[in-house]
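Open the model in your viewer and keep the selection panel at hand. The stops below cover a sheet and then a pair of helices.

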2 protein chains.
Amino acid sequence: MDLIERKYRILQAIIDDYILTALPVGSRTISRKYEQKLSSATIRNEMSDLEELGYLDSPHTSAGRVPSNKAYRLYVDQMLRPMALSSEEQAFIRQCFDRRTHQVEDLSLRIAKALSSMTNYTTAVMTRTPKSDQVFSHLQLVPVTSHRALLIIVTRSGAVRQSLIELGGMISSDELYTVSRILTAQLDGCPLSDLSRRFAAIAGGAPGDMQHVMRALSMEAQQASKDEVSALVVGGRSNLLRFPEYADVDKARSLLSVFETRDKMVDLLSTGGEMEFTVRIGPETGLEETRDCSIVSASFRLGDGRVNTIGLIGPTRMQYGRALAVLTQVGRTLTDVIDETESGRDSEA
Amino acid sequence: MDLIERKYRILQAIIDDYILTALPVGSRTISRKYEQKLSSATIRNEMSDLEELGYLDSPHTSAGRVPSNKAYRLYVDQMLRPMALSSEEQAFIRQCFDRRTHQVEDLSLRIAKALSSMTNYTTAVMTRTPKSDQVFSHLQLVPVTSHRALLIIVTRSGAVRQSLIELGGMISSDELYTVSRILTAQLDGCPLSDLSRRFAAIAGGAPGDMQHVMRALSMEAQQASKDEVSALVVGGRSNLLRFPEYADVDKARSLLSVFETRDKMVDLLSTGGEMEFTVRIGPETGLEETRDCSIVSASFRLGDGRVNTIGLIGPTRMQYGRALAVLTQVGRTLTDVIDETESGRDSEA
DNA sequence: GATTAGCACTCAAACAAGCCGAGTGCTAAC
DNA sequence: GTTAGCACTCGGCTTGTTTGAGTGCTAATC
């Protein structure tokens, strides 16, 4: 169908232009910049059709047209050609993973910063450990002060949880080490969800001065089994204020306040299914505050069982193609790096 | 001097009113709301004097007057009466410290949230360990995967640093434990600044498969001695957008971007001397982006050697009295809690 | 001499009117 | 089916006017 083909082209041109300029686009613009074979009158007719079909909105009678969310959906699903990044940009991404410091939240933060600076959108990075991968592996009590110890719980997948617990009395560091060894041996392979119960059980047979510690362990284990989300980092918040859609301070504020609410962020980043890449447009994001934002997100398995979800948050008028390209490249680099380390290779810094 | 006394009263009234309304205040307002004995003409003369003395600015001829930074300085230094918080508010603060979870960054985050919600300013909480307190106490290598281990370094003061290191080859978890024990015994009391050197020295005599680990330890130790600042948390960013002074999106953006730059935040929170409470007004903050912000900050010793600095960031037209009151209360509650735990008391949750 | 009433003056903000230009929809011609 | 042409719409910009809050100054009053 020739006509439909043309309508698509025109719609695409409108979306492209609007993404670029944030200004309602008129028939004349399209005729001049994109479809020089056609007069503005023809474009006008087509645009009128497209509006009727629900792909375009007009803010008012004489202001050109703006793509609807339905249009963006079509754009993302059908019109996007995969695009590559320049080799400079690829290098820039790779460089995030280069440094040796593996401070725990550090990598996420670096990814967030890099993506924000490349795209001008806000980036959120969430690290999650699926329940099924939460199997106890090691436990270590490290004395911190006379009455407090740091409890480290490591799962088979390599996730680490640390917390400070009160000892409830003087316990020598030797004792702490011994207890750590024994418990680690006894509990190896225990699902995290069972851990609390097991601790409680063991507590029964423990000597008096250990009772308190065991109870504390039990409580912490319960906490540990709860929090799937181990790290959540947001970067490039101030970028959003560059976009004309947030010239209204109230809009900006309501959006920024979402970034400050952990639960909401987790919701935003948790895609329904198991899809690697997800694009959610406007109301599809699920939050009132983000009803005119879009979120492009990608999830990557980290090899050790953890799942890293990276989301780019911007106005619905988003550079979807670029966002996806950047995320794809991050994913590619990430798996490269994991492969390298998994195969035991290591370079000098 | 009676006259000077009156000038002070008027200046104070102007500042109070401006803090409340953010609107340039005119002679009539003062005469009606604050100094009913005096006519607006008299106030006008006084205000004219105050302007000449540098305490007031006038945005333009007919717009009332606005306190200068010099005025705020005087206000903070001389005019502030200590004010108390309501018992509800005191309870609200106490509640932050109540929960048992001592997840490491958790408390800072809770403090930041609470203070932001109480004051509507942005809150930053920084935890620092002074160099002099950085003395090695314990070290623990916890196996995470076959090729990686979690390195935990604890200082005498109870500060904890963790990082993932590559092992460079298979090392059994028993070996890791043994090494941890030996190193901990050998290095007890060593200043953190020496640690890297000591590791390097020990590496010389270590067996082949440990060489790599020792080198990694040495590098991490070097890192550890560098970063005084162990945690930095910011809350309530979006609050600032409520204030009319940030109705201009560009101003808001430049300020928000400061919050995203760790180094700048550390600078902002690092007070010159050893003062417990600090108020910095406008340019005194030291950053171009915060030239019309003020920062009220307080530092508290955490007992274990760490120092917690809490800063409230708002427009120069800040409720200084309230800010100080809230911080004071947090400090009081903090030391209470520390005393309780130090004395070994512990309550059931 | 300090205080106040009164008045002329200033200036931003709010409002209204008018123009401009980008845009549409429709119709008639190609 | 396409296009030229024209009437019409409507937000945004400009300009002019009004309004009101405010100042500074002067002269009268306490």
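## A sheet and a helix pair

This is a predicted model. Start by selecting residues 122-128 of chain A, which form strand β3. Add β7(A): the two strands pair in the antiparallel sense, over 6 bridges. To find one position in this pairing, pick Ala124(A), whose bridge partner in β7(A) is Val234(A).

Now extend the selection to the whole sheet. The sheet is open and has 5 strands, in the order β7-β3-β10-β9-β8 of chain A, with antiparallel pairing. Look next at its edges, β7 (229-235) and β8 (277-281) of chain A. Each edge strand has a single partner, so one of its sides is left without a neighbour in the sheet. On average, neighbouring strands here are turned by 15° against each other, direction ignored.

Leave the sheet and select residues 87-98 of chain A, helix α5, together with residues 106-119 of chain A, helix α6. Their axes come within 9 Å and cross at roughly 160°. Angles over 145 degrees count as roughly antiparallel, and α5(A) is therefore roughly antiparallel to α6(A). The crossing of α5(A) past α6(A) is right-handed.

Show side chains for the contact between these helices. From α5(A), display Glu89(A), Phe92(A), Ile93(A), Cys96(A) and Phe97(A). They meet Leu107(A), Arg110(A), Ile111(A), Ala114(A), Ser117(A) and Met118(A) of α6(A). Colour the contact by class: 8 residues are nonpolar, 1 is polar and 2 are charged.

How values were computed: Residues numbered from 1 in each chain as written. Chains lettered and ligands numbered in written order. Predicted model: local features only at pLDDT ≥ 70, side-chain atom pairs only at ≥ 80, totals over all residues. Heavy atoms only, no water. Pairing = 2+ DSSP bridges. Helix = DSSP H or I, 4+ residues; strand = E, 2+ residues; numbered from the N terminus. Axes fitted to C-alpha atoms, helices over the stretch in contact; angles between N-to-C directions. Parallel < 35°, antiparallel > 145°, perpendicular 65-115°, else oblique. Left-handed = near helix turned anticlockwise from the far one by under 90°. Contact = heavy atoms within 4.5 Å. Nonpolar A, V, L, I, M, F, W, Y, C, P; charged D, E, K, R; others polar.
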